[in-house]
Amino acid sequence: MTVWGIAREEFRQMRRGKLPKLAILLFLPLFFTLVFGTAYRNQFVRHIPLTVFDQDQSKVSRTLVQGYADSEKFTIVSHADTQEKMDAELESGRALAALAIPAGFSKDIKRGDGGKTVLIVNSANNTIGNAAITEAWKINRTLTIGGAQRIVERLGQMPDEAMNAVYPVHLAVRLLNNPLAGFSSFMLSGLGLQGVQIALLIAAAPALSEEYRRRWYDGNVPAARVLAGKMIPYWLSSVASYFVYLAAAVFLFGTPAKCGLPELFLLGGIFSFSVIGVLFFFSALCPKPILAMQLPMLYVMPGTLFSGLSWPLFSMNLPASLYAAVMPIRYAADNLRDLLLAGYAPSLAADCRALLVCGSIGFLAAWAVFSRRRKRLLQAEGRASHASLYCA
């Protein structure tokens, strides 16, 4: 049987069953994209519940509180009149942040001593903590600079001169590639890539171990041909799934797509090849299909953590870096995000080479293990058949 004949048969097998493998491959990454895209639709954290404990009750303190009320990052849910009530709001979870303004706040500002406020944040979720601290810093700075400018203007300086006097260092900031710091643009492409990995784990991991049990191809069909024929349907399906979920990310959730299709195809095609190669190696090792799915879970499931999506690769310690180095998604996720957001990926060529090496090693190891075990099984069956004929 030819490679294409084996591929057609594998496609036929992928379409069978109550939950066909082909459906899993095509729609699981899309499902990941829809679920996470909906969760990240707001792009950044808004409406952090805030309780306010204003002991000063002055015009200045009310101006500061109004700054928090006007911010879309905060929603004031209560005004506490005692320390105990403020703490109770935080402990109950009704508020995730608290703004405490001490008595004498406005007097300290007028004397030039500087008014002090305290922001208490429940930072069990770092995303909430970072967003609250950053926004509070912006609000307080705006009030401080505005107040100081008015004071200096009263001393006879023009508005621009007064601003330069109270704010002598001007910082111009440009955010490249993701100016809104949106979570959809930041995470969605990589999470879909993890969906491709998991879909391949479910669909492709049992492919060779099933051959040990069912014997679709006799010993006259070379092991390399069996591997190649089985690989083609999974590769084509996973690449198609990759473009389906990217289309959903771009057209439904507004993820930028600044690169061309050739770069996306190159990365997606080599990534799928690499993942299938690794999964085929696990499949060749396992005598049963269920074990072939369970064993590589320890390898595939932590992919998001070690991909560089949320925690940068350059900040990983040595054990984490070594573990990430043998995971295909580590070489694909950051490059895919760079291609979509920036239009280019500086590490694309080197990481594609790494993926090719990883996938090739996986296929060679799978071929060595599969051909040896298959030969032993066929020899054992031959001896058993010969013994039964002799006994008869």
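Is Asp 81 buried or exposed? Exposed, with a relative accessible area of 52%. That residue gets its own close-up further down; the model behind every view here is a predicted one.

**Figure 1. The open sheet and its strand order.** Here we've got four strands making an open sheet, ordered β2-β1-β3-β4 with mixed pairing. At the edges sit β2 (74–79) and β4 (118–121); each has a single partner strand, so one side of each has no neighbour in the sheet. Going from one strand to the next, the twist averages 25°. Lying across β1, β2 and β3 is helix α3 (residues 59–70), which runs at about 175° to β1.

**Figure 2. Strand β3 and the strands it pairs with.** Start with β1 (residues 48–54): it runs parallel to β3 (residues 97–101), and five bridges join the two. To find your way along this pairing, look for Leu 50 opposite Ala 97 and Thr 51 opposite Ala 98. Now go over to β4, which runs antiparallel to β3 and is joined to it by four bridges. Ala 97 turns up again on this side, standing opposite Val 121 in β4.

**Figure 3. Side chains on the two faces of β3.** In a regular strand, side chains alternate between the two faces of the sheet. In this view, Ala 97, Leu 99 and Ile 101 point one way from β3, while Ala 98 and Ala 100 point the other way. Whichever way they point, all of them are buried. That fits the tally for the strand: β3 is mostly covered, with five of its five residues buried.

**Figure 4. Ile 133 in helix α6, next to β4.** Ile 133 belongs to helix α6 (residues 126–154). Skipping residues up to four places away in sequence, Ile 133 touches Leu 119 and Val 121. You've met Val 121 already, as the β4 residue opposite Ala 97. For a backbone distance, take the C-alpha atoms of Ile 133 and Ser 123: the two residues are ten apart along the chain, and these atoms are separated by 10.0 Å.

**Figure 5. The salt bridge between Glu 210 and Lys 21.** Side chains of opposite charge can pair when their charged atoms come close. The model has eight salt bridges by count, and the one shown here joins Glu 210 to Lys 21, with the closest N and O atoms 3.4 Å apart. Distant parts of the chain are linked by this pair: Glu 210 is in helix α9 (residues 207–214) and Lys 21 in helix α2 (residues 21–39), 189 residues apart. Are the two partners buried or exposed? Glu 210 is buried, with a relative accessible area of 11%, and Lys 21 counts as buried too, at 17%.

**Figure 6. The salt bridge between Glu 72 and Arg 46.** These two side chains meet at 3.3 Å, N to O. Glu 72 lies in the loop between α3 and β2, and Arg 46 in the loop between α2 and β1, so the pair ties together parts that are 26 residues apart in sequence. Glu 72 is partly exposed, with a relative accessible area of 42%. Arg 46 counts as partly exposed as well, at 29%.

**Figure 7. Asp 81 and its partner Lys 85.** Back to the residue we opened with: Asp 81 forms a salt bridge with Lys 85, and the closest N and O atoms are 3.2 Å apart. Asp 81 is exposed at 52% relative accessible area, whereas Lys 85 is partly exposed at 46%.

**Figure 8. Two buried serines.** Ser 272 sits in helix α11 (residues 261–285) and counts as buried, at 1% relative accessibility. Leaving aside neighbours within four places in sequence, Ser 272 is in contact with Val 196, Leu 200, Trp 235, Ser 238 and Val 239. What about a serine in a loop? Ser 307 is placed between α14 (303–306) and α15 (318–325), and is buried with a relative accessible area of 0%. With residues up to four places away left out again, Ser 307 touches Leu 313, Ile 329, Arg 330 and Ala 333.

**Figure 9. A nonpolar patch on the surface.** Leu 285, Ile 290, Leu 291 and Leu 295 make up a nonpolar surface patch of about 310 Å². One of them, Leu 295, is in the loop between α12 (289–294) and α13 (297–300). Leu 295 counts as partly exposed, at 35% relative accessibility.

Technical notes. Residues numbered from 1 in each chain as written. Predicted model: local features only at pLDDT ≥ 70, side-chain atom pairs only at ≥ 80, totals over all residues. Heavy atoms only, no water. Patch = residues over 30% accessible without salt bridge, like charges linked within 9 Å, V, L, I, M, F, W, Y side chains within 5 Å. Areas by Shrake-Rupley, 256 points an atom, 1.4 Å probe, with all protein chains shown as cover. Salt bridge = Lys/Arg side-chain N within 4 Å of Asp/Glu carboxyl O. Buried < 20%, exposed > 50% of the residue type's maximum accessible area, 1.4 Å probe, protein only. Contact = heavy atoms within 4.5 Å. Pairing = 2+ DSSP bridges. Axes fitted to C-alpha atoms, helices over the stretch in contact; angles between N-to-C directions.
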